[in-house]
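Reader: I would love a friendly walk through this model. Could you show it to me before we talk?

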Amino acid sequence: MGVFDGELGLGGTLDAAAIARVEQCAGVIARGGLVAFPTETVYGLGALAVDEAAVRRVFEVKGRPTNNPLIVHVDSLAMARRFFSVRAWERFGELVEKFAAAFWPGPLTVVLEKAEGVPGVVTGGGGMVAVRVPAHAMTLELIRRVGTGIVGPSANRSGHVSPTSAEHVRGEFGDAVEVLDGGVCVGGIESTVIRVGPGVGDGVQVLRPGLISAEAIAEVVGAGVEVFVGAAKGGGERGGEREREHEHERETERGTQIDAGRDGSDAVSLHGLAMESPGLLSRHYAPRTRAVMAELQQWTGVVLAMEAGLGGRAVQAGLLTHSELAASVCSPTPRLVEVLPGDARAYAAGLYGALRRLDEAGLDVIVVHEPPGAGRTAEETWVWRAIADRLSRATEREAGEC
Ligand code: TXA
Ligand code: MG
């Protein structure tokens with residue numbers, strides 16, 4: 001059972017044209033080339049995971065620091081297992097099987113000790129490897145034909161907004177990269193990344209929030225296994241700050257502990273735990289235009305302050321909001337307004353496309369209307385949190401009073 005099965009028709013078959021295109025792209029990858037591929041989250045920049053030179057080229061093309069490891073995309077649990085060490089599998093295989101049954105294909109990435117044969121270039125030189133089964137029929141067929149895992153960081157230049165359509169990928173890399181066009185990504189933000197094994201005891205640590213919630217993960221692992229919602233050192237602290245703002249906060253010696261039991265789920269604990277995790281950089285997922293997160297009441301202040309800074313020249317300001325009424329209360333009038341849905345999943349699906357349109361409009365500043373901190377259910381609250389994680393890295397925060 002994958003969360004995205006229904007939406008993507010994973011049970012369905014690809015038509016002849018799609019198969020032919022997948023076949024072509026599988027050939028490119030098998031020969032050591034790069035192909036951007038669709039997933040249910042965002043497009044990935046694919047290369048053969050076992051081909052060091054091809055993987056190095058992914059880092060070069062993206063301009064990505066080589067110590068930031070890549071996710072290996074596989075077509076099945078059986079293929080995933082080949083990337084994990086025997087030792088890790090003996091200890092955690094049962095847990096990974098549970099995750100696979102509940103969430104794969106789908107937006108959950110599992111980090112576990114790597115098998116010896118996994119090149120260090122994939123893991124940023126470390127001993128752990130990240131693996132997931134993406135929920136997209138074309139990409140599953142692509143991996144099946146290639147016969148082994150495909151690395152896939154988001155198919156954007158390092159630090160920039162992730163692409164959710166083939167057109168976005170072409171905008172990033174032009175003709176330098178082959179694109180397997182699988183339509184618009186239904187999820188819209190990157191997978192939830194979890195780590196099991198060394199450093200987490202017998203627990204599970206969420207390294208990056210995504211569409212799969214900590215509560216859903218806790219339900220799958222069952223009582224007795226703790227789920228930590230961690231914050232990275234150096235840049236990832238924002239997650240930690242949010243943790244502390246959470247209404248169920250309770251300080252403990254180990255970090256911040258949250259009673260998930262209070263919102264109806266069973267008696268699991270989510271802990272905020274500072275821990276090193278590469279790749280959770282403070283400036284990421286960002287448009288090139290200056291972007292500021294603010295409450296609507298701050299709109300006038302932000303625009304006027306910028307005008308003053310530009311010697312009085314009229315500032316071209318754009319607004320990203322989840323409220324239909326937002327633009328009507330903003331003075332001076334925004335030059336461009338992108339209104340996203342008030343539902344968290346729908347907001348996530350539209351977020352990167354909207355950010356890109358604003359980024360391409362030649363604005364001086366993009367003001368991002370602060371999204372809701374909570375939804376109607378624990379699940380929705382989690383998705384808002386994943387969105388807030390991305391936006392906090394994509395924007396500066398407007399200081400000062402409302
Ligand atoms: O949804 C997604 O995850 C997309 C699609 C294409 O699958 N991919 C994606 O890749 O977002 P990327 O490289 O942009 O983000 C991968 C995240 C980074 O934060 C990276 O640091 C983390 O996963 N990661 C990868 N391997 C890791 C490892 N061995 N240990 C800890 N974190 C790891
Ligand atoms: Mg990325």
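Author: Let us start with strands E2 and E6 (residues 150-151), which run antiparallel and are joined by 2 bridges. Strands here are DSSP runs (E, at least two residues), helices are H or I runs of at least four, and both are numbered from the N terminus; two strands pair if DSSP finds at least two bridges between them. This is a predicted model, where local features need pLDDT of at least 70 and side-chain atom pairs count only at pLDDT 80 or more, while totals for chains, interfaces and linings use all residues. Residues are numbered from 1 along each chain, chains are lettered from A and ligands numbered from 1 as written, and side-chain values use heavy atoms without hydrogens or water.

Reader: Which residue in E6 is the bridge partner of Leu48?

Author: E2 covers residues 44-48 and is joined to E6 by 2 bridges. The partner of Leu48 there is Ile150.

Reader: Is Cys185 buried or exposed?

Author: Buried means under 20% relative accessible area, exposed over 50%, and partly exposed in between (1.4 Å probe, protein chains only). Cys185 has 3% relative accessibility, so it counts as buried.

Reader: Which helix gives the most to the largest nonpolar core?

Author: A nonpolar core is a set of buried Ala, Val, Leu, Ile, Met, Phe, Trp, Tyr and Cys residues joined through side-chain atoms within 4.5 Å. The largest one has 76 residues, and Phe99, Val204 and Ile217 touch the most other members. With 9 residues, spanning 86-103 as a helix, the top contributor is H5.
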